[in-house]
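The following note is written for a colleague who is beginning to read protein structures. Please keep the sequence and the model in view while going through the points.

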Amino acid sequence: MNTILEKYYRVLIADDEKGIRNLLKDLLEGSFYVNTIDRGDTIINELKKNKYDILILDLQMPGKNGIEVLQAIRDLKIDIVIVVITASNDVQLAITSMKLGAYDYLVKPFDTDKLLVILKNIVEKLDLENEVNELREKVGESFRFKNIIGKSPKMQRIFATLERVIDTDSTILIIGESGTGKEIIAKAIHYNSNRRQYPFKSIDCSTIPQDLIGSELFGHEKGAFTGAIARKIGKFEVASKGTLFLDEISNLSFDMQAKLLRVLQEHQIWRVGGIKSVNINVRVISATNKNLALEVEKGNFRSDLYYRINVVPIEVPPLRE
């Protein structure tokens, strides 16, 4: 088993049956760091004190049952992969646990080989997530402010402003001529922020036909229009917990501006053809090479959307400066 599983992952076994705890500990100790616990009301404190990657959780425990533990883990946003163990007559509880975020479940008496297969899959999942995070760190390093060329006083003032708002959720509007590196600055904001471990996605509003941009931003349901043969997830959902960069936002139609404003106000999207809203958590950075204040005066851009996206304005000087 040592050739399959990696010892650096930490497993917490939570079961009130001593025999189960000892069985699982003996089974896993050669491949994981293992700790055990026998009461449900002490699990959360243990997870707060020590970092664990995997929790093997019995649903029937004294002090606090497994469903209550799962709810607490979800509410506290504790990052851990959970495998639940349930009695044969509690399969409905196992289904409830899956809805609360459990990765998989086993029914007592369970096959240890099945548990090892589940743990192997979890290890592969964790390995992939760690690899992705490492790659993001490497990519993000090249976008640190110190690595962006810009020694002029204006650029230094921009970096100072960004340092102050980098970890807020404030919308940012980057204004500058074409070729001044607006997307590089947007990436620098993302990779220096507390959202850097999540996706950075961008869309150029000037290159996508207006009748398709709603699908690109918000996604669509199967059958929403001719050619929609399957559900599509839009950029807002793909960028979940991360950053969405809307380049050349001035090219959005008035109708799409209204939909975008609604999304920014309510933190929800509606897929094209969908009947249910989807909650989103995305920081929006916009960019334009136009004077949006002037576009508002001309009636080409909504004033309410302009004020919504322009909480932190960043004016990038032209290259000649």
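1. How many helices and strands does the secondary structure of the protein come to? There are 12 helices and 12 strands, where helices (H or I, at least four residues) and strands (E, at least two) are DSSP runs numbered from the N terminus.

2. This is a predicted model, in which local features need pLDDT of at least 70, side-chain atom pairs count only at pLDDT 80 or more, and totals for chains, interfaces and linings use all residues. Residues are numbered from 1 along each chain as its sequence is written, and side-chain values use heavy atoms, with hydrogens and water left out.

3. Along the principal axes, the C-alpha atoms fill a box of roughly 75 × 50 × 35 Å. Of the 321 residues, 45% are buried (under 20% relative accessible area, 1.4 Å probe, protein chains only). Among contacts (heavy atoms within 4.5 Å) with a separation of 6 or more, 68% link residues 24 or more positions apart.

4. One open sheet has five strands in the order β2-β1-β3-β4-β5, with parallel pairing; two strands pair if DSSP finds at least two bridges between them. Its edge strands are β2 (33-37) and β5 (104-107), each of which pairs on one side only. From one strand to the next, the twist averages 20° (axes are lines fitted to C-alpha atoms, for helices over the stretch in contact, and angles run from 0 to 180 degrees between N-to-C directions).

5. Within this sheet, five bridges join β3 (residues 54-58) to β4 (residues 81-86), and Ile54 has Val81 in β4 as its bridge partner. Helix α1 (residues 18-28) lies across β1 (10-14), β2, β3 and β4, at about 175° to β2. Helix α4 (residues 91-99) also packs on the sheet, touching β4 and β5, and its direction makes about 165° with that of β5.

6. A further open sheet of five strands has the order β7-β8-β11-β6-β12, again with parallel pairing. Why is one side of β7 (200-204) and of β12 (312-315) left without a neighbour in the sheet? Both stand at the edges, so each has a single partner strand. The twist here averages 20° from one strand to the next.

7. Strand β11 (residues 283-288) is joined to β8 (residues 243-247) by four bridges, and Leu244 stands opposite Val284 in β11. Four bridges also join β6 (residues 172-175) to β11, and four join β6 to β12. Ile175 has Thr288 as its bridge partner in β11 and Glu315 as its bridge partner in β12.

Key
Buried means under 20% relative accessible area, exposed over 50%, partly exposed in between (1.4 Å probe, protein chains only).
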